[in-house]
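Reader: I am in my first year and still learning how to read a structure. Could you take one part of this one and go through it closely with me, step by step?

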Amino acid sequence: MGQEIIHVYLMPGMAASPKIFEYIKLPESQFKMHYLEWIVPLDDELLSDYALRVSQNIKHDNIVLLGVSFGGVLVQEISKCLKVSRLIIVSSVKSVHEIPKHMLLAKATKAYKLVPTQLASNIDVFAKYAFGNVVSKRLELYKKYLSVNDSKYLSWAIKNMVCWNQEKPNPEIVHIHGDNDAVFPIKNISNCISIKNGTHIMIINKYKWFNENLPRIILND
């Protein structure tokens, strides 16, 4: 009998499209990749309810879930709705204790409400929130990968990122993090696989590392 195929579902980062995974290749004899996408939230929708709606696009059992950045937060919520064989987050956080202080301050002061998401059609503005301040040289790159410019979604996403209140990390999670991540500095991160010179967008520019190591990580070899 042939080897059973492992279904791997991938969730991109805030406002990003599945194009961020375009260079990720897993052996087709073992793995089948599926791409999840952001949907527009309902009014005042809880993250847990949103996760349940996104999970309805998952058509297999005992899957591998991988999420990047805010997508990493979402897959942790999805994993509470269904059984997963492996939960992997990249350039993300596992609990409120790993969220940087400026985001926690934004939560305490509700400053996240002041982010001009109605300007989301101006990708230059939003790229700074999604990827950090050093964006000018790579703006074309970000325009390629940022696909969601709905202001309702962006307001919801920013609020749910800074207000995520998970106290204890999932003990089974695999956390892959760059040591040069400007959005979620590694000094706040514990128990992760650290990638040298990895930035917040290393899923794009460190794809060779992922292609080489993800099969082993998924199979827990």
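Author: Let us take the pairing of two strands as the part to look at, keeping in mind that this is a predicted model. Strands β3 and β4 pair in the parallel sense, and their pairing runs over six bridges. To get from one strand to the other, the chain leaves β3, passes through α2 and arrives at β4, and this β-α-β crossover is right-handed. If you want a particular place to rest your eye, find L65, which stands opposite L87 in β4.

On its other pairing, β4 meets strand β5, residues 174–178, again in the parallel sense, here over three bridges. In that pairing I88 stands opposite V174 in β5. As for how much of the strand is hidden, β4 is mostly covered, with five of its seven residues buried.

The connecting helix deserves the same care. Is α2 mostly covered or mostly open? Helix α2, which spans residues 70–78, is mostly covered, since nine of its nine residues count as buried, that is, each has under 20% relative accessible area. Those buried residues are F70, G71, G72, V73, L74, V75, Q76, E77 and I78. The cover over them includes the two strands that the helix links, β3 (63–68) and β4 (84–90), together with β1 (6–11), α1 (47–55) and α6 (151–162).

Two of those covering helices also take part in salt bridges, and following them leads us a little outward from the crossover. In α6, K152 forms a salt bridge with D43, the closest N and O atoms being 2.7 Å apart. Because K152 lies in helix α6 while D43 lies in the loop between β2 (31–35) and α1, the pair ties together parts that are 109 residues apart in sequence. K152 is partly exposed, with a relative accessible area of 37%, whereas D43 is exposed, at 63%. A further salt bridge joins E45 to R53, with 2.9 Å between the closest N and O atoms; here E45 is buried, with a relative accessible area of 8%, and R53 counts as partly exposed at 25%.

Finally, to place this part within the whole, the chain's secondary structure comes to eight helices and six strands. Buried residues make up 51% of the 221 residues in the chain. Of the contacts with a separation of 6 or more, 65% are between residues 24 or more positions apart.

Key
Residues numbered from 1 in each chain as written. Predicted model: local features only at pLDDT ≥ 70, side-chain atom pairs only at ≥ 80, totals over all residues. Heavy atoms only, no water. Buried < 20%, exposed > 50% of the residue type's maximum accessible area, 1.4 Å probe, protein only. Helix = DSSP H or I, 4+ residues; strand = E, 2+ residues; numbered from the N terminus. Contact = heavy atoms within 4.5 Å. Pairing = 2+ DSSP bridges. Right-handed = clockwise from strand over helix to strand, strands pointing away. Salt bridge = Lys/Arg side-chain N within 4 Å of Asp/Glu carboxyl O.
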